[in-house]
Amino acid sequence: MKEKVRFGLVGLGAMGLAHAKTLLTAVPEATLSAVATRNAPHIAQLRALPGGDGVRVFDTPAQMYGSGEIDAVLIASPHRLHVAQATEAFAAGVPVLLEKPTGVFTREVRALNASADKSGLPFGVMFNQRTSPVYRRMRELVASGELGELRRTSVIITDWFRAQSYYDSGAWRATWRHDGGGVLLNQAPHNLDLWQWICGMPTRVHAFCGMGRWHDIEVEDDVTAYVEYPNGATGTFVTCTGEAAGTNRFEISLDGGQLVYEHGRLTLSRPSVPASQFIREYTGGFGKPEIRSADITPIGEYTMHAGVLRAFARHMLFGEPMVADGREGLESLSLANAMLLSAWTGETVALPMSEADDARYEAMLASRAAKSREKTARPVELDVNKSF
């Protein structure tokens, strides 16, 4: 049995270089053996990392996939390339760990998932926020049923602040043609994933999206969405990259309690009796159940990207669970596609999206991509440690 998983890396931008450093220094079960890039400045930055001088460089992903020098690939290239590069890896017999989003539109991701199924190889997605002890605890409490049925959800994630220089740093960023979307595909996939992972998928969505509302970009940087769940519960999702100071709040109301995560603390407020019971039985008119609130923030390590990489490597070495199966990337992407489709058409969109809505979204995206303006990059050094 191998002692370490030899990773290849596709993409050496800001995120790719961060992953390279993590693989070289922080994942005992893995190492970085090769990268695929022709970008000389990026190669120089790789060589400057501890251990980076020993990493082999290939011109193309295909060359790296067929080299025999890697056991798995981490793909951190621009979004439009994800599906083709991952599909090519599966065809070459190489397991894939894919940065979010797994693709740009749902039809291509369904095809990617089918390729993964056919290959029988490990397929993971970099949903690093699932390693948070807080989000894992929220999921456990909701799934256990001890707090009763879902009544309302609210996600406000408006502290994904980005300056114009961030969008200007790459010619591909914030364009329909190369990026395929804005905050819903770049920053908020984490939050969309956590929302559905913890609360389940809604059945329909109606959204309002501001395209370049706060920045000189053509994609969405401001989103407000309303959803409904199978049991009639409702939810809202608000995200933006143009608000300061911004808010990061996740609230889940259930029949027997309310979970609120904000400012790094998880609070559970529980009524003395479930709300539905009090509504039926209380005879005093005004009044509500006694509420007891407690800080239930769990203690534990938030392992982030290194945790996802370690789990994927241990899955390959020992059969242990991954943090997130790559096929699950379809759910958050479906939410993002449905929100944009709703904003473009003014309609409420059913989930899961129908084949007709898949096709409508793809056609509308292609139309916008065809009119996408060309940009000249103004490179800046991006510190991804300031992201999450």
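## Aromatic rings that meet

Rings of Phe, Tyr and Trp (its six-membered ring) count as a pair here if their centres lie within 6.5 Å. With that in mind, look at Y135, F250 and Y261: together they form one aromatic cluster. Keep in mind, too, that this is a predicted model.

Going by the pairing rule, there are nine aromatic pairs. One of them is Y135 with F250, a tilted pair with 6.5 Å from centre to centre and 45° between the planes. What makes this pair handy for finding your way around is that it links distant parts of the chain: Y135 belongs to helix α6 (residues 133-144), F250 belongs to strand β11 (residues 248-254), and 115 residues separate them. Are these two residues buried or exposed? Both Y135 and F250 are buried.

## From β11 to β13

Stay with F250's strand for a moment. β11 pairs with strand β12 (residues 257-262) in the antiparallel sense, over six bridges. The two strands make a hairpin, with two residues between them. To see one bridge up close, find E251, whose partner in β12 is V260.

β12 also pairs with strand β13 (residues 265-271), again antiparallel, this time over five bridges. Here Q258 has S269 in β13 as its bridge partner, and Y261, the cluster member we met above, stands opposite L266 in β13. The hairpin of β12 and β13 has two residues between its strands, and in it H263 takes a positive phi near 55°.

## The whole sheet

Now zoom out. Which strands make up the open sheet, and in what order? There are nine, running β14-β13-β12-β11-β7-β10-β9-β8-β15, and the pairing is mixed. At the edges sit β14 (291-295) and β15 (349-350), each of which pairs on one side only. In general, strands of a sheet pair through backbone hydrogen bonds, either parallel or antiparallel.

## A pocket by the hairpins

The second largest pocket holds about 280 Å³ of space. Its lining is made of 15 residues, and L254, D255, P271, A275 and I291 are the ones that lie nearest the centre of the pocket.

Which elements each supply at least two residues of this lining? They are β11, β12 and β13, joined by α10 (275-281). As for character, the lining of the second largest pocket divides into seven nonpolar, four polar and four charged residues.

## Strands β1 and β2

Earlier in the chain, strand β1 (residues 5-10) and β2 run parallel and are joined by six bridges. One of the matches to look for is L9, with V35 as its bridge partner in β2.

How covered is β2, and how many of its residues are buried? Strand β2 (residues 30-36) is mostly covered, with six of its seven residues buried.

## Charges over rings

Two arginines are worth a last look. The charged end of R162 sits over the ring of Y166, 4.9 Å from the ring's centre. R368, for its part, lies over the face of W344, at 4.1 Å from the ring centre.

Notes. Residues numbered from 1 in each chain as written. Predicted model: local features only at pLDDT ≥ 70, side-chain atom pairs only at ≥ 80, totals over all residues. Heavy atoms only, no water. Phe/Tyr/Trp six-rings, centres within 6.5 Å; stacked < 30°, edge-to-face > 60°. Helix = DSSP H or I, 4+ residues; strand = E, 2+ residues; numbered from the N terminus. Buried < 20%, exposed > 50% of the residue type's maximum accessible area, 1.4 Å probe, protein only. Lys NZ or Arg CZ within 6 Å of the ring centre and 35° of its normal. Pairing = 2+ DSSP bridges. 1 Å grid on protein atoms, 1.4 Å probe; cavity = no way out; pocket = protein on both sides within 12 Å on 5 of 7 lines; lining within 4 Å. Points joined across faces, edges and corners; volume = space filled by probe spheres on them. Nonpolar A, V, L, I, M, F, W, Y, C, P; charged D, E, K, R; others polar.
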